[in-house]
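Reader: I should be grateful for a close look at one part of this structure, namely a helix, its surroundings and its packing partner.

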Amino acid sequence: MKYQFADDFWWGSATSAPQSEGAAARDGKSQNIFDYWYEIAPERFHHQVGPSETSTFYDHFQQDVLLLKTLGHNSFRTSISWSRLIPQGDGEVNPKAVAFYNAMIDSLLAQGITPFINLHHFDMPLCMQQQGGWESRTVVEAYARYAKTCFSLFGDRVSHWFTFNEPIVPVEAGYLNDLHYPCVVDFKRAIAVAYHSVLAHAKAVNEFRALGDQGSIGIILNLSPTYPRSDSQEDRIAAHYADLLLNKSFLDPVTKGRYPEDLVNLLRANDLLPQTAPEDAQLIADGVVDILGVNYYQPRRVKAKSGYQASDPVTMPDDLFSFYEMPGRKINPHRGWEIYEKGLYDILMDLKENYGNIPCYISENGMGVEGEEAFIGASGRVEDDYRIDFIRDHLKWLHQALSEGANCKGYHLWTFIDCWSWLNAYKNRYGLVRLERESQRRTIKKSGYWFAETARQNGFD
């Protein structure tokens, strides 16, 4: 069977400024929260490899853009580093950052690659975090000014903008689970962070539309479809709570302009509602996106919390549900994540049926593998057939969703080249291109050649 995609389908990959640029303390860039956290707690990072040791995109972007072309890309997402562009968080723009981003965007366009530019990928400037981060409306206002600056500087050449990547990750990792700085564990503060992130998103959308720029603005959400363990009422209620808190808390306000009533009632009943201002509701209503980026790696399987009573007070999300490992599941042993390709189809069908079939694209999907040097063949190339199988099997379900009317415009893999990844550093490799960290040598993997051929043919057999 031939799996054929539209002629204008977006084939590409995604990365972020903090995970690829390097040059973390050069050319006027100030510290973001990861630079600072590594400085004070390097032991939290795998093999103590910090954010200054990335794939050096800042220095090698021209070479990397040529590689993107070789890999058949017609589009590529990265982000702008707020702490590089506006080192004080608010106010003066760094001319060296402007020169870098101009040159990078121009290089992409020169190779026929459409830049997709995201404004925030977990990398809050430290100076803004010190003012409260996303707990602070002052920082929300500063972010809106940063967004306007980006649109003004680069909007003549960038027509695909995204306000945030996975805004729930700083909420979960930074304010619930002690996995990212500032390492707070407090549900009420986490809710404030989530709410203010939605306000910041909406303000950026307002700034974009006020400038009248041609193009589209969206947001990128990691939508893990939530499946109950069984059809029992208890398991289904638990899955509903997980879906409300971990998917719909961002998906609904950015696509429908309002929060789900069930979520508001749940927070109100437990005295967890964030502080709001009278103008917030209209702001959120006006912040509905043109396009949605969908990151999908694994499903979320949920069961009822043992001993949970509906009258119990809720102090953390996991008071409401427990995660569940499905017996016999397919798994990526390196990451410990379930591989469930149909999840991609289920997300797209949910968007079609319950979210007006909003235009979307798969903005991340990928497979991280530890110890990939074990798969280097005689030719010196990584023979990563497992990654080809992973991509192909997800694309089959994406194709099925398209055949049933899903409004999905493209597929971006995470990621183009093995990159630094937060606490995991280089533990798991995701790239179509292998990076030798010492020499910074780049070598296309078998999957890279397969991806290039698939992109050129707009499909595969």
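Author: The following account treats one helix, its packing and the loops on either side. The model is predicted, so that local features require pLDDT of at least 70 and side-chain atom pairs pLDDT 80 or more, while totals for chains, interfaces and linings use all residues. Residues are numbered from 1 along each chain as its sequence is written, and side-chain values use heavy atoms, with hydrogens and water left out.

Helix H8 covers residues 168-175 and packs against helix H10, residues 233-256, at an angle of about 140 degrees, their axes being 10 Å apart. Helices are DSSP runs of H or I of at least four residues, and strands are E runs of at least two, numbered from the N terminus. Axes are lines fitted to C-alpha atoms, for helices over the stretch in contact, with angles from 0 to 180 degrees between N-to-C directions. H8 and H10 are therefore oblique to each other; angles under 35 degrees count as roughly parallel, over 145 as roughly antiparallel, 65 to 115 as roughly perpendicular and the rest as oblique.

In this contact (heavy atoms within 4.5 Å), H8 contributes Ile-168, Val-171 and Glu-172, which meet Leu-245, Leu-246, Ser-249 and Phe-250 of H10.

The loop between strand E5 (160-165) and H8 holds Glu-166. Glu-166 has a positive phi near 45 degrees, although the residue is not glycine. Glu-166 is also buried, at a relative accessible area of 10%, where buried means under 20%, exposed over 50% and partly exposed in between (1.4 Å probe, protein chains only).

Pro-182 lies in the loop between H8 and helix H9 (187-210). A cis peptide bond, with omega about 15 degrees, links Tyr-181 to Pro-182.
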